[in-house]
Amino acid sequence: MNVIQKSEAIKAGLRKGFQDGSSKMARRKCYGYEVGLNGDLTVNPDEAQVVRWIFERYLAGDSLGKIAAGLERQGILSPTGKPRWNREAIDKLLSNEKYTGRVMLQKTISTGAVQIENDGLMERYLYAGTHEAIISDEMFTAVQQEKLSRSKEPQNQVAMKLTF
């Protein structure tokens with residue numbers, strides 16, 4: 001088996017896991033959650049409180065920079081353990097449907113050396129009820145709409161990101 005065949009076999013295996021729900025990617029830890037003894041995601045109460053605060057502050061009109069400064073002022077370490085949160089980490093957190101108790105798989109795809117956003121090139125897989133939600137669907141949707149209204153991108157390009 002050459003390198004290309006091996007790569008294709010790995011990709012096919014990953015896709016099968018996405019399709020049948022057996023992918024371990026669905027249980028990948030993110031800020032606000034821990035991996036329990038049985039491998040399932042469980043809420044980390046302290047981090048969940050921070051996640052809710054970030055969503056609330058964004059809806060109250062705070063910029064990503066203002067939220068980052070607020071987290072630093074409170075002494076809340078970033079997901080990587082640094083004293084400073086960066087805007088990109090906050091932006092990704094605000095876009096992560098995992099906080100609603102859902103998991104979207106194959107959000108990005110690899111084009112060789114580069115990961116790109118999957119904007120319909122390949123099928124995406126959404127699983128609901130895989131773990132406890134930290135925020136409501138309504139709050140998540142409100143934040144996505146607020147991000148859209150603050151965005152400089154044309155409305156039709158960002159609208160797809162709202163669907164989950």
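Which residues do ring pairs link into a cluster? In this predicted model, the cluster consists of Tyr33, Phe55 and Tyr99, joined by ring pairs. A good way into the structure is to take these pairs one at a time.

The count of aromatic pairs comes to 3. One of them joins Tyr33 and Tyr99, whose ring centres lie 6.1 Å apart. With 15 degrees between the planes, this pair is stacked. The two partners come from distant parts of the chain, being 66 residues apart. Tyr33 belongs to strand β1, which covers residues 33-35, whereas Tyr99 sits in the loop between α4 (87-95) and β3 (102-105). Tyr33 has a relative accessible area of 0% and is therefore buried. For Tyr99 the value is 2%, so this residue is buried too.

Tyr99 also pairs with Phe55, and here the arrangement is edge-to-face. The centres of these two rings are 6.2 Å apart, and their planes make an angle of 75 degrees. Again the pair links distant parts of the chain: Phe55 is found in helix α2 (residues 45-59), 44 residues away from Tyr99 in its loop. Phe55 is buried because its relative accessible area is 0%, below the 20% cut-off for a buried residue. Tyr99 thus takes part both in the stacked pair with Tyr33 and in the edge-to-face pair with Phe55.

A ring may also meet a charged side chain. Arg150 lies over the face of Tyr58, at 3.8 Å from the centre of the ring.

Attention now turns to helix α3, which spans residues 64-73. Its buried residues are Leu64, Ile67, Ala68, Gly70 and Leu71. Viewed down the helix axis, these residues fall within an arc of 160 degrees, which means that they line one face of α3. The spacing along the chain helps to explain such a pattern. An α-helix has 3.6 residues a turn, so residues three or four places apart point the same way.

What lies on either side of this helix? The covering of the buried residues of α3 includes α2 and α4, while the face turned away from the buried side carries the exposed residues Lys66 and Arg73. Helix α2 thus appears twice in this account, as the element that holds Phe55 and as part of what covers α3. After α3 comes Gly75, with a positive phi near 75 degrees.

Conventions
Residues are numbered from 1 along each chain as its sequence is written. This is a predicted model: local features need pLDDT of at least 70, side-chain atom pairs count only at pLDDT 80 or more; totals for chains, interfaces and linings use all residues. Side-chain values use heavy atoms; hydrogens and water are left out. Rings of Phe, Tyr and Trp (its six-membered ring) pair if their centres lie within 6.5 Å; planes under 30 degrees apart count as stacked, over 60 as edge-to-face and the rest as tilted. Helices (H or I, at least four residues) and strands (E, at least two) are DSSP runs, numbered from the N terminus. Buried means under 20% relative accessible area, exposed over 50%, partly exposed in between (1.4 Å probe, protein chains only). A charge sits over a ring if NZ of Lys or CZ of Arg is within 6 Å of the ring centre and within 35 degrees of the ring normal. The arc is that of the directions from the helix axis to the C-beta atoms. Contact means heavy atoms within 4.5 Å.
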